[in-house]
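Open the model in your viewer and keep the selection tool at hand. The stops below say what to select next and what is there.

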Amino acid sequence: MSSIGARRRFRSPAPPLPAATPPTRKSRRRCITATPNSVPTVIQMIDTDENQVESHESNGVKSRWNPKDVEQLRMVKEVLHMSTAPSTIVCREEEQNVVLEFCKGCVEHEKAGSLYICGCPGTGKSLSMEKVKDSLLNWATQGDFPLPDVLSVNCTSLSNTSDIFSKILGLHKALGKKGSGTPLQQLQNMYSHESPTTNMILIVADELDYLITKDRAVLHDLFMLTTFPFSRCILIGVANAIDLADRFLPRLTSLNCKPTVVNFRAYTKDQILRILEERLNELPYIVFQHQALELCARKVAAASGDMRNALCICRSAIEMLEAEIRESACSVNALEEKSSSEQNLPTAPDFVKKQEFDMVRIDHMALALSKTYRSPVVDTIQSLPHHQQIILCSSMKHFRAAKKDTILGELYKSYAAICKSSLIPPTGIMEFSNMCRVLNDQGLIKLGQSRDDKLRRVTSKIDEGDITFALQGIRFFRNCLQ
Ligand SMILES: Nc1ncnc2c1ncn2[C@@H]1O[C@H](COP(=O)(O)OP(=O)(O)OP(=O)(O)O)[C@@H](O)[C@H]1O
Ligand SMILES: [Mg+2]
């Protein structure tokens, strides 16, 4: 099975664009459109953002937001952050329902069974499983059914693939059962004999492909647990590959116990748009021009249908607006300074001072999209050796907390902490320092001068967004990036 990281590299092999610069607002009429498979080009006139705001305001629904307000900015970014669970999950009602009904049937009839959820990255599988778990427990409580025990495992977090069996057994042990043999043998033994007091167990095994061992034994044994006559397992396996069950569980197929497959298809343009709008609905103001969201949805749907990308790009478009605001503040200041030094000159024109930058427009989005899909920096980061990627990831965390720069010794501590938390042996400080030099040579960080290596100043030379986008597809970095 190919790695998720590899599968996520869907960007078009087009030549790199020049580094994206924040848009300057030359005209109030912007003219951008895009075809589904291309980066937007300027060909068609569209309405101004002002018109857009007016139409919303005349509905009396929402007010303008103020992107200069730090708190508002934080709220907007949070709503668009992939680790922020949305209050409603739209566009996955049907899939959730299939899984929920399956689980209800198992609980109601005290019958074991298995399901396999598959779909491309960012299609809402993990998110939906959280919702299904909650719904099942609510339903069981309300219907007075015995509550199933729930075991949610992200298989990437298991140090040993067979630890999944100890975890399942752990739930039974909590009920006071004792036995001998390996955890798997104990479970097999337990599920071969009637035991009316044992609760049903809902096991949600996310990133299931991590359990694929050379001999395929763990995956196979796990699913086989649901076929024992007195099994209590409702097993929901989640992974990307559509044919995992066929390829790795042939015996289950021959026993006619092949898990039912629920496919989470890549999100379409309309679905991505709806999800974005639903998330933004939680805010009391309008942040994006509608066409901007539409452009994002169209491009992401054509490229991958990965909701993580859509969210990342929207956040990056906000950063374009922020950059524009900063740039405009600088030019107003420059004009002010000039006019006060040359007394006869008028002060900065009113229209410059009053210019309001309160919407993420389609041109911001176009820039964010072109940065994301055609950035040579993203390519460079993705092709770095693993430890250098960890350094970039830790530098990002560090700069986020401590701002702007740090010293090499401190960066080493953050790097070593990430390595340790992931049970990867960190390199020594000398090798770390050499790797930083390589990153410096690649233009990804800037290393200052100092006699003592540990005291060399380190500054980031790239956007946080590029690091996030480049590494988000690699499972290892998911937790670090959030
Ligand atoms: N229907 C949706 N509504 C709101 N947000 C969504 C929806 N689907 C996905 N998202 C957002 O996208 C993120 C990624 O979704 P999720 O983790 O469920 O993907 P996945 O299918 O499990 O991907 P992977 O195969 O990489 O594990 C979620 O954390 C959530 O922020
Ligand atoms: Mg997932």
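A residue counts as buried under 20% relative accessible area, as exposed over 50%, and as partly exposed in between. Keep these cut-offs for the first stop, and note that this is a predicted model.

**Asp453**

Select Asp453, in the loop between β9 and β10. Is Asp453 buried, exposed or partly exposed? Its relative accessible area is 22%, so Asp453 is partly exposed.

Now show what surrounds Asp453. Leaving aside neighbours within four places in sequence, Asp453 is in contact with Leu408, Ser433 and Arg437. Two of these contacts can be drawn between side chains: Asp453 makes a polar contact of 2.6 Å with Ser433, and another of 3.3 Å joins Asp453 to Arg437. For Leu408, draw the C-alpha to C-alpha distance to Asp453: 7.0 Å, across 45 residues of sequence.

**The three-stranded sheet**

Next select 405–407 and 445–447, which are β8 and β9, the edge strands of an open sheet. The order in this sheet is β8-β10-β9, and the pairing is antiparallel. On average, neighbouring strands are turned by 25 degrees against each other, direction ignored.

Add residues 457–460 for β10, which three bridges join to β8. One pair to label is Thr406 with its bridge partner in β10, Val458.

Then add residues 408–421. This is helix α18, which packs on the sheet and touches β8, β9 and β10. The direction of α18 makes about 90 degrees with that of β8.

**The nonpolar cores**

Select Leu80, Leu276, Phe288 and Met365. These residues touch the most other members of the largest nonpolar core, which has 39 residues. Colour the helices that each supply at least two residues of this core: α3 (70–79), α11 (269–280), α12 (290–303), α13 (307–341) and α15 (362–374). Which helix gives the largest share? It is α13, with nine residues.

Centre the view on Met365. Not counting residues up to four places away in sequence, Met365 touches Phe288, Ala292, Leu293, Leu295, Cys296, Ile313, Cys314 and Ala317.

For a second, separate core, select Ile168, Met190, Leu208 and Leu225, which are included among its 34 residues.

**The whole chain**

Finally, clear the selection and show the whole protein. The secondary structure comes to 21 helices and ten strands. Of the 482 residues, 49% count as buried. The accessible surface is about 23500 Å², and 52% of it belongs to carbon and sulfur atoms.

Key
Residues are numbered from 1 along each chain as its sequence is written. Chains are lettered from A and ligands numbered from 1 in the order in which they are written. This is a predicted model: local features need pLDDT of at least 70, side-chain atom pairs count only at pLDDT 80 or more; totals for chains, interfaces and linings use all residues. Side-chain values use heavy atoms; hydrogens and water are left out. A nonpolar core is a set of buried Ala, Val, Leu, Ile, Met, Phe, Trp, Tyr and Cys residues joined through side-chain atoms within 4.5 Å. Buried means under 20% relative accessible area, exposed over 50%, partly exposed in between (1.4 Å probe, protein chains only). Helices (H or I, at least four residues) and strands (E, at least two) are DSSP runs, numbered from the N terminus. Contact means heavy atoms within 4.5 Å. Accessible areas come from the Shrake-Rupley method with a 1.4 Å probe; for residues, only the protein chains shown count as cover. Two strands pair if DSSP finds at least two bridges between them. Axes are lines fitted to C-alpha atoms, for helices over the stretch in contact, and angles run from 0 to 180 degrees between N-to-C directions. A polar contact is a pair of N or O atoms within 3.5 Å; within protein, one must be able to donate a hydrogen and the other to accept it, and residues adjacent in sequence count only if both atoms are side-chain atoms.
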